[in-house]
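Subject: A structure for you to look at

Hi,

Here is the structure I promised to pass on. Have a look at it first, and then read my notes underneath.

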Amino acid sequence: MSFDDSIFQSIFGLAHRSAFLDSIGMILGVYLPYVLGVFFIFLILRQKQVRIKIFFVCFALFATILSRGIITESIRFIHHRPRPAEVLMIESLVQKHREAALQSGHIAFFITLARVAWGMSSKGG
């Protein structure tokens, strides 16, 4: 069993045991990206100069298009890996589209935004 499969099995072992924890996981999975997006917009609006705001917005757009749109899709094209729920025939809490598991588009997007936020303010990022 590979390293990522063992991590998946240990996390999935916690699923379907507590309806409360399943609900918390679902709520975080659905709403946390919006909270992070609002926080990122707040960091941009907090900048004093308009030129700096425009720079960071353009930098964030360029970086996310590059990471999520080009690099992630290139990795998926070269190395297709199905999702664990598909391979292991298990019921997932979140029903995903039939897309590749590696490279996660969400993580590529949010790591890119976090890096831009870190560049804006070491306190905010």
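**What I found**

The protein chain has an accessible surface of about 9,500 Å², and carbon and sulfur atoms account for 70% of that. Before you go further, keep in mind that this is a predicted model.

Let me start with the overall layout. The protein chain has five helices and zero strands, so if you read from the N terminus on, the order is simply α-α-α-α-α. Of the 125 residues in the protein chain, 18% are buried. I also looked at contacts between residues at least 6 apart in sequence: 64% of them join residues at least 24 apart.

**Charged residues**

How many salt bridges are there? The count comes to two. As a reminder, side chains of opposite charge can pair when their charged atoms come close.

Both pairings involve E73. One is with R68, where the closest N and O atoms are 2.7 Å apart. The other is with R76, at 3.4 Å from N to O. E73 and R76 sit three residues apart in helix α3 (residues 50-78), which is about one turn of the helix. Through the shared partner, R68, E73 and R76 are joined into one network.

The members of that network differ in how much of them is covered. E73 has a relative accessible area of 35%, so it counts as partly exposed. R68 is also partly exposed, at 28%. R76, on the other hand, is buried, with a relative accessible area of 12%. While you are at R76, look across to S104: the two are 28 residues apart along the chain, and their C-alpha atoms are separated by 9.1 Å.

Now for a charged residue without a partner. D22, in helix α2 (residues 19-46), is buried but has no salt bridge. Which side chain of opposite charge is nearest to D22, and how far away is it? It is R17, 8.9 Å away. A salt bridge needs the nitrogen and the carboxyl oxygen within 4 Å, so that pair does not qualify. What D22 does have is a backbone neighbour: a polar atom of the D22 side chain lies 3.2 Å from the backbone nitrogen of H16.

**A nonpolar patch**

Next, try colouring the surface by residue type. V57, L61, F62, I65, L66, I70, I71 and I75 make a nonpolar surface patch of about 700 Å². One of these residues, F62, belongs to helix α3. Is F62 buried or exposed? With 56% relative accessibility, F62 counts as exposed.

**Places where distant parts of the chain meet**

I picked out three spots that you may want to zoom in on.

- T112: this residue is in helix α5 (residues 105-120). T112 is buried because its relative accessibility is 11%, under the 20% cut-off. The side chains of T112 and S67 are joined by a polar contact of 2.8 Å. If you skip the neighbours within four places in sequence, T112 is in contact with A63, T64 and S67.

- P33: this one is a proline in helix α2, and it counts as partly exposed at 26% relative accessibility. Apart from residues up to four places away in sequence, P33 touches L28 and F110. P33 and F110 are 77 residues apart in sequence, yet the distance from C-alpha to C-alpha is 8.3 Å.

- F8: you will find this residue in helix α1 (residues 3-12). F8 is partly exposed, with a relative accessible area of 23%. Its contacts, leaving aside neighbours within four places in sequence, are P84, L88 and I90. F8 and A85 are 77 residues apart in sequence, and their C-alpha atoms are 10.0 Å apart in space.

If you want a place to begin, I would go to E73 and follow its salt bridges to R68 and to R76. After that, turn to D22, which is buried without a salt bridge.

Best wishes

Note on methods:
Residues numbered from 1 in each chain as written. Predicted model: local features only at pLDDT ≥ 70, side-chain atom pairs only at ≥ 80, totals over all residues. Heavy atoms only, no water. Helix = DSSP H or I, 4+ residues; strand = E, 2+ residues; numbered from the N terminus. Buried < 20%, exposed > 50% of the residue type's maximum accessible area, 1.4 Å probe, protein only. Lys, Arg positive; Asp, Glu negative; His and termini not counted. Polar contact = N/O pair within 3.5 Å; in protein donor to acceptor, adjacent residues only side chain to side chain. Patch = residues over 30% accessible without salt bridge, like charges linked within 9 Å, V, L, I, M, F, W, Y side chains within 5 Å. Areas by Shrake-Rupley, 256 points an atom, 1.4 Å probe, with all protein chains shown as cover. Contact = heavy atoms within 4.5 Å.
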